[in-house]
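Trainee: I would like a close look at one part of this model, the disulfide, with the chain around it as background.

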Amino acid sequence: MSIITNPVWVRRPTGEDVEKALPRRAIDEAVSGRATLICTVSTKGLMENCSIVSESPAGYGFGDAALSLTKLFAMAAMTRDGAPTAGGRARIPLAFALPQD
């Protein structure tokens with residue numbers, strides 16, 4: 001299955017969505033982090049079968065936080081000969097920053 005290199009996102013999480021997903025431990029310890037997911041793209045452009053590729057720093061739950069946001073992603077459906085087709089995988093990097101007061 002190929003990696004989609006230039007996805008056309010029709011829906012993505014907002015900054016507020018990402019802020020709400022911040023892991024409690026990261027908030028308590030004032031730690032920002034990152035996570036990268038890989039997901040299969042459905043015929044409707046939805047993310048399925050997502051898994052964590054990386055997260056840093058480890059142990060704060062940024063990977064799980066990223067997984068909780070996958071339902072908020074949608075990309076333009078891939079087509080083959082004019083028909084929607086499943087296929088390809090999307091690599092999704094996410095950054096989690098603490099809110100600025």
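Trainee: How much area does the protein chain expose, and what share of it do carbon and sulfur atoms supply?

Mentor: The protein chain exposes about 6100 Å², and carbon and sulfur atoms supply 50% of that; areas are by the Shrake-Rupley method with a 1.4 Å probe, and for residues only the protein chains shown count as cover. The model is predicted: local features need pLDDT of at least 70 and side-chain atom pairs pLDDT 80 or more, while totals for chains, interfaces and linings use all residues. Residues are numbered from 1 along each chain as its sequence is written, and side-chain values use heavy atoms, without hydrogens and water.

Now the disulfide, defined as two cysteine sulfur atoms within 2.5 Å. The whole structure holds one: cysteine 39 pairs with cysteine 50, and their sulfur atoms are 2.1 Å apart. Cysteine 39 belongs to strand 3 (residues 33-41) and cysteine 50 to strand 4 (residues 47-56), so the link ties together parts that are 11 residues apart in sequence. The link is right-handed, with 115° about the S-S bond. Cysteine 39 and cysteine 50 are both buried, that is, under 20% relative accessible area with a 1.4 Å probe, protein chains only.

As for the background, the protein chain has three helices and eight strands, taken as DSSP runs numbered from the N terminus (helices H or I, at least four residues; strands E, at least two). Their order along the sequence is β-β-α-α-β-β-α-β-β-β-β. Of the 101 residues of the protein chain, 37% are buried. The C-alpha trace spans about 50 × 25 × 20 Å along its principal axes.

Conventions
Buried < 20%, exposed > 50% of the residue type's maximum accessible area, 1.4 Å probe, protein only.
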